[in-house]
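Biologist: Shall we go through this model together? I'll ask, and you can walk me through the reasoning.

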Amino acid sequence: MDVQAAHSAEVPPVPGAGAGVEDTAASGAERAGTDAAGAERAPGAVATLLTVGLGTLVTLMAFTAPASTLAATAGGLHAGPVAQTWMFTGTPVGLAALLLTAGSAADARGRRRVFGAGAVLLVLASVLSAAAPDTALFLTGRILQGAASAAVLASGLGLIAQTHPAGPHRVRALGFFGATLGAGIALGPAYAALLTQVWGWRSLYWGLAVLAAVTAVATRSVPESRAERARGLDLSGALVLGAGIACLVAAFGEGRGGWTRAAVLVPLAAGSALLALFGAVERRVGEPMLDPALWRSRAFLAAGAGAFSTGLAVVGLFSYLPTELELVLGMSPLAASLLFIVWAGVSAVTALFARHLAGRIGAAAQVALGLLLSGAGQAALYGLRAGGSYGHLVPGLAVAGIGGGVLNAALARLAVSSVPADRSAMGSGANNTARYVGSALGLALTVSVASAAHGRTPAAALAAGANRGFLVSAAICAAGAAVVLLAGRERPGR
């Protein structure tokens, strides 16, 4: 199916994809509690779901591992402040820069093939980080972990969409997928803190290599799928987009030392120019990796806005929270990680039950609801003080966790349903690109806001900065919810 032919002023519903705006993943049959036409799961559906779930779990654990081990890793490698910032942002750079490219390649060359290649690369990248004798090689491994995660995440959601037809089967499968996102975020810091405490920081990367190897082996049980018509890879678009995102994330990563320095302004200007060039390239190539016609789809815009807001205001904040808890409350890395599980664990459980909302609330409305709940929970965290108790944080973490679970399930539905069926991995890649570009920028913003405050002691200053960060993130969540509702609203007469 030609994507451009499938989209005119709006993207119409596509069989197997379901592109209605208010509930893009659920057909009328789904709302009635029954599957859509031909709703039997494809052979290998269970194996696909479990394998993709494991791959997603491992990639998110790799993503969040530095949240509780930054001090130990930096000490072991004698890394300075700039290198420490890149320990956080290295994986997001590789992930965000290659997600859309990986999704396009998966649709064209085979989703299982790209997923398996990503798992193998994750093994190699984790081994490189584990054995790295210096900071440069360690950071190279972290960036490669991001590139591997891009292949796993972009193709994994496409594999689920192909083996689970639109209807209750897909809703349940995407709820499970959302739960693995939350579980990976929850387990990453605790897993890393525990292994670092017992065997040292290198052990956590050896462990990730083993888990990635298991994922690579399990990929053999997953059926292959690809677009019905092979499309050429948009190499020019891939190069321009990857370079633009890398420059933009690098600029925000350097913002910790001040936003007016050349180290921030130069890559920021270069990244903005390259992203503008990407838009021009996509209008001129015969088979673009991101069809410009998709931007006329309200479902696609709602999915992108929701994903970017989630990364910017939710993932970015909570990726740095364990570090703040250690420095402000004096908690050990393991204790801070266990408290962090209140948010991420609730998010994982909520995603499993979010399927019950499918027939009652549209996917765009669910994303807006998730953002509002996340923002309310973040605002409730306000009041953190040096040497204080963590007790007042628990209710806010729980509320934000509920919002995060709703977001993870609903965004997955929008991602696979806002594009034609033969471009499901591209839709996943575009959605995840928005999420992880947002998360990289959000992490840099959180660190910048937290570091800019003043106080009588370093812990008091960081507490004041953290409280500002909670309110900033809550405001971004509210703004994001408004944008999603506006983008996902049906036009009059439709």
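Modeller: Gladly! This is a predicted model, and its secondary structure comes to 17 helices and zero strands.

Biologist: Thanks, that sets the scene. What share of the 494 residues of the protein counts as buried?

Modeller: A residue counts as buried when its relative accessible area is under 20%. Applied to the 494 residues of the protein, that gives a buried share of 60%.

Biologist: And among contacts between residues at least 6 apart in sequence, what percentage joins residues at least 24 apart?

Modeller: Here we set aside pairs that are closer in sequence than 6 places. Among the contacts that remain, the part joining residues at least 24 apart is 83%.

Biologist: Let's go inside. Which helix gives the most residues to the largest nonpolar core?

Modeller: The largest nonpolar core has 119 residues, and those with the most contacts inside it are Phe-318, Trp-343 and Tyr-436. With 16 residues, the element that gives the most to this core is helix 12 (residues 298-329).

Biologist: Trp-343 caught my eye. Which residues does Trp-343 contact, leaving aside neighbours within four places in sequence?

Modeller: Trp-343 is among the residues with the most contacts inside the largest nonpolar core. Another of those residues, Phe-318, is also in contact with Trp-343. The full list of contacts for Trp-343 is Ile-185, Val-314, Phe-318, Leu-397, Ala-400 and Gly-401.

Biologist: Now a serine: is Ser-309 buried or exposed?

Modeller: Ser-309 lies in helix 12. Not counting residues up to four places away in sequence, Ser-309 touches Val-314, Leu-371 and Gly-480. Its relative accessible area is 8%, and the cut-off is under 20%, so Ser-309 is buried.

Biologist: On to the packing of helices. How are helix 4 and helix 8 oriented to each other?

Modeller: The axes of helix 4 (66-77) and helix 8 (residues 168-199) come within 8 Å and cross at roughly 30°. Angles under 35 degrees count as roughly parallel. Helix 4 and helix 8 are therefore roughly parallel.

Biologist: How many nonpolar, polar and charged residues are in the contact of helix 4 with helix 8?

Modeller: Helix 4 brings Ala-67, Ser-68, Thr-69 and Ala-72 to the contact, while helix 8 brings Pro-189, Ala-192, Ala-193 and Thr-196. By class, these residues come to five nonpolar, three polar and no charged.

Biologist: Following the chain past helix 4, what is phi of His-78?

Modeller: His-78 is in the loop between helix 4 (66-77) and helix 5 (81-109). The residue is exposed, with a relative accessible area of 73%. Its phi is positive, in a residue other than glycine, with a value near 55°.

Biologist: What is the orientation of helix 5 to helix 6?

Modeller: The axes of helix 5 and helix 6 (residues 111-131) come within 6 Å and cross at roughly 135°. Roughly antiparallel would need an angle over 145 degrees. Helix 5 is therefore oblique to helix 6.

Biologist: And which residues make the contact of helix 5 with helix 6?

Modeller: The residues in this contact divide into four nonpolar, no polar and four charged. They are Ala-102, Ala-105, Ala-106, Asp-107 and Arg-109 of helix 5 with Arg-111, Arg-113 and Val-114 of helix 6.

Biologist: Helix 5 also packs with helix 7. What is the handedness of that crossing?

Modeller: Helix 5 and helix 7 (residues 135-163) have their axes 6 Å apart, at an angle of about 35°. Their contact has 16 nonpolar, nine polar and one charged residues. The crossing is right-handed.

Biologist: How far apart in space are Leu-139 and Met-87?

Modeller: Leu-139 is in helix 7 and is buried, with a relative accessible area of 17%. Leaving aside neighbours within four places in sequence, Leu-139 is in contact with Ala-83, Trp-86 and Met-87. Leu-139 and Met-87 are 52 residues apart in sequence, yet their C-alpha to C-alpha distance is 6.5 Å.

Biologist: One last residue. Which residues does Ala-125 contact, leaving aside neighbours within four places in sequence?

Modeller: Ala-125 is found in helix 6 and counts as buried, at 1% relative accessibility. Ala-125 and Thr-140 are 15 residues apart in sequence and 8.1 Å apart in space, C-alpha to C-alpha. The contacts of Ala-125 are Gly-141, Leu-144 and Gln-145.

Key:
Residues numbered from 1 in each chain as written. Predicted model: local features only at pLDDT ≥ 70, side-chain atom pairs only at ≥ 80, totals over all residues. Heavy atoms only, no water. Helix = DSSP H or I, 4+ residues; strand = E, 2+ residues; numbered from the N terminus. Buried < 20%, exposed > 50% of the residue type's maximum accessible area, 1.4 Å probe, protein only. Axes fitted to C-alpha atoms, helices over the stretch in contact; angles between N-to-C directions. Parallel < 35°, antiparallel > 145°, perpendicular 65-115°, else oblique. Contact = heavy atoms within 4.5 Å. Nonpolar A, V, L, I, M, F, W, Y, C, P; charged D, E, K, R; others polar. Left-handed = near helix turned anticlockwise from the far one by under 90°. Core = buried A, V, L, I, M, F, W, Y, C linked by side-chain atoms within 4.5 Å.
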